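Me: I want to understand the labels people put on a structure. Can we take them one at a time?

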Amino acid sequence: MILETVGLNKTFGGITAVDKMDLIVNEGDVHAIIGPNGAGKSTFFNLVTKYLKPDAGKVIFNKEDITEMGPDRICKRGLVRSFQRASIYPMLTAYESVQMSLLSQEGKTLSFRLIKGLVKKETEEILESVGLTEQAGFLGASLSQGDKKRLELAITLGNRPKLLLLDEPTAGMSHEETKSIMELISSMSERHGLTVLFCEHDMSVVFGIAKRITVMHQGAIIADGKPEEVRKSTRVKKIYLGEE
C-alpha cells in the first residue's frame, strides 16, 4: 500500500463533493478512478494533492500522514500530479524543462548558464524514456498536443515520483495519440517502478490499462476491484456505463 485515504470528506455550500471516502492504492498498481461528471473525482485528486483542504479525514502516503502538508512538501516526498491541460514551460526547450524539474527536486535554483552540464545523463534518459529525444531542443510551445503531454510526463519523472496522479491524461487527444500516451504510461509504470492513479472518461483506455478500478458516484465509492469485477457490477452498469 502506498496511498490510503480514511474518511476523506469535502463539502461546498452544503453539497458533499467527496463523502467519507476510504481508498487504498497498492504500490506498483495502475489504478483508475472513474465516474460520471460531478462524481467528485477531481475534488478527490485536489484533496490528496493538497490543492484543497479536507473538512475531515486523513491522507496517508508511504506510511506518513500528509493531511496537513502543502503541495510542495508532498511533491518532494514523491507524490506528483499532472492536470487535464498539459502543464509545461512553453518558452523552455524540452531538455531545459526536464533539467529544471530534476534540479528543483534537488533544491537547486541556478541560472541556465550555470546548470548547462548538470544532470545531463538523467535528463537525456528521461527524454528517451518518453520518446522525446529528437525533440529535446524544441520549445514546449512548438510541440504537438501529444508531445506536450509526453513532455509533461517527462517533467513529472524529473520530480522522481513514487506515485503519479494523472487527471484525464488523454483529454483532447486523437485516438492514435490516446493509444500512444496510455502505452507510454503503462511502460513508465513498469520501467520506473511507478504507481499510477488516474481518472479518465474513455472506458476503452480505463479497461485496457488499469489493474484496479474505483467507481465514484455523488462523492462516494460504489465499486472497487479488478476490471472484470467492476465490469460485472450491476450498479456500475446502471449508473455509469449506461446499461440495464
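Reply: Here are some questions on helix packing and the core, asked of a predicted model.

Me: Why is α3 called oblique to α5?

Reply: Helix α3 (residues 94-105) and helix α5 (residues 120-129) pack at about 120 degrees. Roughly perpendicular covers 65 to 115 degrees, and roughly antiparallel needs over 145. The angle fits neither, so α3 is oblique to α5. Their axes lie 9 Å apart, and the crossing is right-handed.

Me: Which residues of α3 make that contact with α5?

Reply: Ala 94, Tyr 95, Val 98, Gln 99 and Leu 102. On the α5 side, the residues include Lys 120, Glu 122 and Ile 126. By class, this contact has 6 nonpolar, 2 polar and 3 charged residues.

Me: What makes α3 roughly parallel to α6?

Reply: The axes of α3 and helix α6 (residues 145-158) cross at roughly 25 degrees. Roughly parallel means under 35 degrees. The angle meets that cut-off, so α3 is roughly parallel to α6. The two axes come within 7 Å, and this crossing is right-handed.

Me: How many charged residues does the contact of α3 with α6 have?

Reply: It has no charged residues, with 6 nonpolar and 4 polar ones. Among those taking part are Val 98 and Leu 102 of α3 and Leu 151 and Ile 155 of α6.

Me: How do you know that Leu 151 is buried?

Reply: Leu 151 belongs to the largest nonpolar core, of 46 residues. A nonpolar core is a set of buried residues, so Leu 151 is buried. Buried means under 20% relative accessible area.

Methods. Residues are numbered from 1 along each chain as its sequence is written. This is a predicted model: local features need pLDDT of at least 70, side-chain atom pairs count only at pLDDT 80 or more; totals for chains, interfaces and linings use all residues. Side-chain values use heavy atoms; hydrogens and water are left out. A nonpolar core is a set of buried Ala, Val, Leu, Ile, Met, Phe, Trp, Tyr and Cys residues joined through side-chain atoms within 4.5 Å. Buried means under 20% relative accessible area, exposed over 50%, partly exposed in between (1.4 Å probe, protein chains only). Axes are lines fitted to C-alpha atoms, for helices over the stretch in contact, and angles run from 0 to 180 degrees between N-to-C directions. Helices (H or I, at least four residues) and strands (E, at least two) are DSSP runs, numbered from the N terminus. A crossing is left-handed if the near helix is turned anticlockwise from the far one by less than a right angle, and right-handed if clockwise. Contact means heavy atoms within 4.5 Å. Ala, Val, Leu, Ile, Met, Phe, Trp, Tyr, Cys and Pro count as nonpolar, Asp, Glu, Lys and Arg as charged, and the others, Gly among them, as polar.
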